[in-house]
Amino acid sequence: MRSVKLPSGNSMPVFGLGTWRMGEHPDQRQSETDAIRAALDIGVTLIDTAEMYGEGGAEKVIGNAIQGRRDGLFLVSKVYPHNASRNGVVEACERSLARMKVDCIDLYLLHWPGNYPLSETFSAFHLLQDSGKIGDFGVSNFDIDKLREIPLEDQALLGCNQVFYNLAQRQPEYAVTKWCRQQGVPIMAYSPLDQASSLLASPAISDVAARHSVSNAQIALAWLLHQPDTLVIPKSVRPGRIRENFAAVDIMLSQQDLADLDKAYPAPLGPVRLGMR
Ligand code: NAP
C-alpha cells in the first residue's frame with residue numbers, strides 16, 4: 001500500500017475507511033462491524049472516525065471490529081471543538097481510547113475550528129503525545145486563515161488537514177492544499193465520493209471510467225490519489241463497495257484522463273472558502 005509521510009516521520013496509508021453514520025443504530029452494529037472486518041481482510045489499514053459519529057457509537061463499533069487485530073492499523077479520531085480546552089481534549093481522547101479499547105490513537109484531529117484558543121488545544125495534543133496516548137495530531141476543516149492561526153511551532157507538525165475535497169469540491173486547491181504542501185502537511189480528503197452524489201453518474205467521469213473498465217467511484221478516488229500527498233477515506237458499509245473503492249489505489253490515470261476531468265471539474269480560479277459537510 002502506498003503511504004504518505006507525516007512531518008513526524010511516521011507514515012500513513014493513502015486509503016482509509018470512513019465511518020460517519022456508523023454506530024448510530026443498534027440494529028446495524030453487527031453489519032457495520034462485519035464491514036470493518038471485511039475491510040481489514042482485504043488490506044485496509046487506516047480507519048477514520050470521530051467522537052461525534054454516533055456520539056461515540058462509531059468508535060465502539062470499531063473497538064469491537066478490531067479486537068485482536070490492532071497491530072498494523074492506523075486509527076484516526078477527532079475531538080469536538082466544544083471539548084477542545086486543555087483538559088477537555090485529554091478527557092475526550094481518553095473516552096475515545098476506552099471506546100475503541102486501544103492504548104493509542106495514531107492521529108488525533110481537532111474536528112473543526114471552535115472557540116477555545118488553539119494554543120490550549122495544541123498544548124493538550126502535546127501532553128497526549130508525551131504520554132503515548134496519541135501518535136500524531138492535526139486538524140480538520142481548517143481554511144487558510146485558520147491554518148495561519150495555529151501556533152507557529154505546530155504548523156509544520158500537523159499530521160494532516162482533513163478537508164471536504166473531491167472532483168466536484170475543489171475549493172481546497174485555492175489556498176489550503178498549497179499551504180499544506182509548503183509545510184509538508186498531508187491532505188486527507190473527506191467525502192471523496194461527494195457522498196455518492198452526481199459524481200457517480202457524471203458522463204465526463206463515465207467516459208474516463210470506461211477507458212479503464214472501472215466505476216465512476218473508482219475514478220473519483222483515483223483522481224484524488226493523483227494529487228500530491230493526498231489520502232482518501234471513502235465510507236461504505238458494503239464489503240463489495242469497500243473492495244471496489246480500495247482497488248482505486250492501483251488505477252493509473254493518463255495525462256488525457258486528468259485533462260478531461262479537469263475540463264469537466266475545473267479548479268477554482270478565484271478566492272473561495274473551504275466547503276464543509
Ligand atoms: P463519501 O465517502 O464520499 O460517500 C459515502 C457514501 O457513498 C455512502 O452513502 C456510501 O453508501 C456510498 N458509497 C461508498 N462507496 C460507493 C461506491 N463504490 N459506489 C456507490 N456508492 C458508494 O462520504 P462521507 O462518508 O461523508 O466521507 C467519508 C468519510 O470522511 C466519513 O465517513 C468520515 O469518516 C469522514 N468525514 C469527515 C468530515 C469532517 O468534518 N472531518 C466530514 C464528513 C466526512 P454505503 O455505505 O451504503 O455503501
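The following exchange concerns the ligand site and the internal spaces of a predicted model.

Biologist: How many residues surround the ligand, and which are the closest?

Modeller: A residue enters this shell if one of its heavy atoms lies within 4 Å of the ligand. On that basis the shell holds 28 residues. The closest of them are D48, S140, Q195, S236 and R241.

Biologist: How do the residues of the shell around the ligand divide by class, and which helix gives the most to the shell?

Modeller: The shell divides into 11 nonpolar, 10 polar and seven charged residues. Three residues of the shell come from one helix, spanning residues 239–246. The helix that gives the most is α10.

Biologist: At what distance from an oxygen atom of the ligand does a polar side-chain atom of S236 lie?

Modeller: Pairs of N or O atoms within 3.5 Å are taken as polar contacts. A backbone N or O atom of W20 lies 2.9 Å from a ligand oxygen atom, and a polar side-chain atom of R238 also lies 2.9 Å from a ligand oxygen atom. For the polar side-chain atom of S236, the distance to an oxygen atom of the ligand is 2.6 Å.

Biologist: What percentage of the area that the ligand exposes when taken alone does the protein bury?

Modeller: Polar contacts to the ligand include the one from the side chain of S236, at 2.6 Å. Taken alone, the ligand exposes 910 Å². The part of this area buried by the protein is 90%.

Biologist: Which space does the ligand take, and how much space lies in the largest pocket?

Modeller: The ligand takes the space of the largest pocket. The volume of the largest pocket is about 730 Å³. Its lining comprises 35 residues, and the closest to the pocket centre are S191, Q195, A196, P234 and K235. The answer is thus the largest pocket, with about 730 Å³.

Biologist: Which helix gives the most to the lining of the largest pocket?

Modeller: By class, this lining has 14 nonpolar, 12 polar and nine charged residues. Helices α9 (216–225) and α10 each supply at least two residues of the lining. With three residues, the helix that gives the most is α10.

Biologist: How many charged residues are in the lining of the largest cavity?

Modeller: The structure holds one cavity of 30 Å³ or more, and about 30 Å³ of space lies in the largest cavity. The residues P81, A84, L110, G114, N115, Y116, L118 and T121 line this cavity. By class, five are nonpolar and three polar, and the number of charged residues is zero.

How values were computed: Residues numbered from 1 in each chain as written. Predicted model: local features only at pLDDT ≥ 70, side-chain atom pairs only at ≥ 80, totals over all residues. Heavy atoms only, no water. Polar contact = N/O pair within 3.5 Å; in protein donor to acceptor, adjacent residues only side chain to side chain. Areas by Shrake-Rupley, 256 points an atom, 1.4 Å probe, with all protein chains shown as cover. 1 Å grid on protein atoms, 1.4 Å probe; cavity = no way out; pocket = protein on both sides within 12 Å on 5 of 7 lines; lining within 4 Å. Sits in = over half its atoms within 2 Å of the grid points. Helix = DSSP H or I, 4+ residues; strand = E, 2+ residues; numbered from the N terminus. Nonpolar A, V, L, I, M, F, W, Y, C, P; charged D, E, K, R; others polar. Points joined across faces, edges and corners; volume = space filled by probe spheres on them.
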